[in-house]
Amino acid sequence: MRLRWGGERLLSVLSPVLLLALWELAARTNAIDTRFFPAPSDIFAAAVTLIRTGELWDNLSITLVRLAVGFLLGAVPGIVVGLAMGLFSPVRAILQPLVDGTFPIPKIAILPLFILIFGLGEESKYAIIAVAVVYLVLINTQAGVRNIDRIYLDVGKNYHATRWMMFTDVALPGAAPLILAGLRLGMGVALLVIVAAEFVGARSGVGYQIWTSWQVFQVDRMFVYLLVTAVIGFGTAVVMTFLERVLLPWKQH
Amino acid sequence: MTSTAPVKVRIRGLRKRFSVKGRPIEALDGIDVDVEAGAFLCIVGPSGCGKTTLLRILAGLEEKTAGTIEVARDAAGKDARERPVNAMVFQEQSIFPWMTVRDNVAFGLKARGFSGRDRYAIVEPFIRRANLGGFEDALPHQLSGGMKQRVSITRAFANDPEMLLMDEPFAALDEQTKLILQAELLRIWEESRKTVLYVTHSIDEAIVLADRILVMTARPGRVKDVVDVASVFGRPRRVEAVKESAQYGELFGRVWGALREEVMGAQAAEAVS
Ligand SMILES: Nc1ncnc2c1ncn2[C@@H]1O[C@H](COP(=O)(O)OP(=O)(O)OP(=O)(O)O)[C@@H](O)[C@H]1O
Ligand SMILES: [Mg+2]
């Protein structure tokens with residue numbers, strides 16, 4: 001068992017290394033078109049330059065701030081409204097048709113409207129991310145509350161828990177696993193939306209750099225920034241896993 | 001318990017009708033029973049006869065369709081911190097998986113407004129008496145099935161209700177654990193002498209624990225028979241002594257006799273429908 005695990009891990013490390021080596025070889029021998037697929041060593045050199053000049057960090061930090069602000073602006077109301085919709089049927093009656101009616105709109109389609117309203121500044125980026133995040137978090141939170149085992153609500157009632165305690169001690173922790181799943185989904189969509197928004201509606205950020213690299217045909221630069229988006233995606237996933245571990249110790253087995 | 005004790009709960013003509021997809025289902029069909037203060041009443045009956053429903057109505061979790069329930073309060077004030085009328089121990093797993101043992105046990109006290117320090121001080125001896133000492137900070141998934149049920153029962157006791165409603169608390173446990181917990185329950189109960197309504201499928205368990213056994217009919221549930229155990233086995237009671245005595249078989253025969261017709265009847269009805 002242990003041996004097989006070790007072997008599998010080795011294979012998992014080996015396969016990307018092997019792919020990179022093949023890629024390098026193919027680029028050096030001109031087996032692939034280096035205008036589209038520059039050699040990994042060239043991409044690495046471009047990355048070093050971009051880090052040296054500080055350009056990479058500038059763009060990365062701009063995108064990260066947009067992600068963080070937009071995500072919070074979407075996640076917090078999503079959790080609050082989702083809890084309220086899950087717990088109180090009048091709130092659900094009022095908001096459900098609005099949510100169901102607007103949810104199917106691909107969020108990126110609203111970007112021109114937001115640029116019109118908020119201009120090309122940061123606000124339009126925050127807004128588009130918040131809108132993309134809020135739905136996923138809200139829908140998951142609501143489902144989380146509604147999926148809480150009835151028995152826990154009965155216990156709360158039998159012990160005369162106050163409304164506030166039902167909220168903080170039963171509904172919120174009971175819905176937490178699905179809330180966190182919603183946050184995870186929301187983070188994925190936020191990354192998608194911010195890159196797309198920066199393509200067309202920004203003068204900075206990782207998405208903007210990918211787009212302009214293409215326009216000026218600096219493909220090695222483009223690959224560097226693509227790599228950066230992958231790192232952001234990976235990093236946010238790690239953060240979410242950490243959050244789950246800290247907030248849901250009772251879900252670990 | 002002798003019949004001289006004051007009546008704690010008086011139930012008269014209690015009916016409950018559920019409606020499932022528009023079709024009425026009679027769960028309880030006129031229950032009449034008096035439970036004396038401090039008595040341990042066991043309720044047995046065929047599956048689906050309305051035992052859980054009866055307890056849920058008493059616990060305020062279900063509306064009754066007809067009838068009256070009078071509960072003699074020990075002290076009736078408006079203070080939220082006063083002793084609650086009842087606490088229920090549920091048939092299924094009901095302790096909060098996201099709370100530590102300590103917070104689970106202190107849940108009722110928190111709802112009554114006790115500060116963190118006060119309620120932890122109150123639950124401490126309860127946790128110790130339930131042999132859960134050392135597990136105060138454990139989460140439920142780290143406990144065995146028997147320990148989880150102990151937490152559930154301790155949560156009810158720690159809230160110091162006037163009446164305990166227990167719905168097959170040991171049904172899911174293995175025989176040895178059950179024996180130990182029954183003895184534990186008797187010991188803790190004998191210290192507090194709360195009024196207990198205890199639902200069980202096990203005639204054996206009913207005889208060991210009860211002052212009186214209420215046998216219910218198959219659905220719709222009515223009172224079929226009430227068997228007096230207190231006059232045969234006094235208190236304090238030892239589980240082993242009860243099982244070894246000659247009267248045990250007699251009592252068992254009487255309860256099973258009443259129950260058998262109903263269980264057979266219920267199975268026949270099920271086969272037809
Ligand atoms: N919420 C409900 N809606 C509709 N029918 C219900 C509901 N709760 C219980 N019933 C029905 O009422 C009857 C009595 O149920 P109850 O749970 O009280 O039985 P029980 O005696 O506790 O059974 P068991 O011994 O199997 O736990 C059953 O026929 C059940 O299907
Ligand atoms: Mg039941």
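## A loop of chain B around B:Thr217

The side chain of B:Thr217 comes to 3.2 Å from the backbone oxygen of B:Pro220. In this predicted model, a polar atom of that B:Thr217 side chain also lies 2.9 Å from the backbone nitrogen of B:Arg222. B:Thr217 itself is found in the loop that runs between β8 (212-216) and β9 (223-228) of chain B. With a relative accessibility of 6%, B:Thr217 counts as buried, because the limit for that class is under 20%.

B:Pro220 belongs to the loop between β8 and β9 of chain B. The peptide bond that joins B:Arg219 to B:Pro220 is cis, with omega at about -5°. B:Arg219 also takes part in ligand binding: one of its polar side-chain atoms is 3.2 Å from an oxygen atom of ligand 1.

## The surroundings of ligand 1

Ligand 1 is surrounded by 14 residues, and the closest are B:Ser47, B:Gly48, B:Lys51, B:Thr52 and B:Thr53. The side chain of B:Ser47 places an N or O atom 2.6 Å from an oxygen atom of ligand 1. For B:Gly48 the contact is made by the backbone, where a polar atom lies 2.8 Å from an oxygen atom of the ligand. On its own, ligand 1 would expose 630 Å², of which the protein buries 69%.

Two elements of chain B, β1 (7-20) and α1 (51-58), each give two or more residues to this shell. The largest share, three residues, is that of α1(B). By residue class, the shell holds seven polar, four nonpolar and three charged residues.

## The magnesium ion

Which protein atoms act as donors to the magnesium ion (ligand 2)? They are OG1 of B:Thr52 and OE1 of B:Gln91, at 1.9 to 2.4 Å from the ion. B:Thr52 is part of helix α1 of chain B, whereas B:Gln91 sits in the loop between β5 (86-89) and α2 (101-105) of chain B; the pair therefore ties together parts that are 39 residues apart in sequence.

Both donor residues fall in the partly exposed class: B:Thr52 has a relative accessibility of 26%, and B:Gln91 has a relative accessible area of 36%. B:Thr52 is also listed among the closest residues to ligand 1.

## Cysteines

The count of disulfides over all chains is zero. B:Cys42 takes part in no disulfide, and the nearest cysteine sulfur to it, that of B:Cys49, is 14 Å away. A disulfide requires two cysteine sulfur atoms within 2.5 Å, so this distance excludes a bond between B:Cys42 and B:Cys49.

Are these two cysteines buried or exposed? B:Cys42 is buried, at 0% relative accessible area, and B:Cys49 is buried as well, at 0%.

## Backbone features elsewhere

A further cis peptide bond leads from B:Arg235 to B:Pro236, with omega near -10°. B:Pro236 lies in the loop between β9 and α8 (239-244) of chain B.

In chain A, two residues that are not glycines have a positive phi: A:His160, at about 55°, and A:Phe217, at about 60°. A:His160 is located in the loop between α7 (150-158) and α8 (163-201) of chain A, and its relative accessibility of 59% makes it exposed. A:Phe217 occupies the loop between α9 (206-215) and α10 (219-247) of chain A; with a relative accessible area of 48%, A:Phe217 is partly exposed.

Key: Residues are numbered from 1 along each chain as its sequence is written. Chains are lettered from A and ligands numbered from 1 in the order in which they are written. This is a predicted model: local features need pLDDT of at least 70, side-chain atom pairs count only at pLDDT 80 or more; totals for chains, interfaces and linings use all residues. Side-chain values use heavy atoms; hydrogens and water are left out. A residue is near a molecule or strand if one of its heavy atoms lies within 4 Å of it. A polar contact is a pair of N or O atoms within 3.5 Å; within protein, one must be able to donate a hydrogen and the other to accept it, and residues adjacent in sequence count only if both atoms are side-chain atoms. Accessible areas come from the Shrake-Rupley method with a 1.4 Å probe; for residues, only the protein chains shown count as cover. Helices (H or I, at least four residues) and strands (E, at least two) are DSSP runs, numbered from the N terminus. Ala, Val, Leu, Ile, Met, Phe, Trp, Tyr, Cys and Pro count as nonpolar, Asp, Glu, Lys and Arg as charged, and the others, Gly among them, as polar. Donors are N, O and S atoms within 2.8 Å of the metal (3.2 Å for Na, K and Ca); water is not among the atoms, so sites may look incomplete. Buried means under 20% relative accessible area, exposed over 50%, partly exposed in between (1.4 Å probe, protein chains only).
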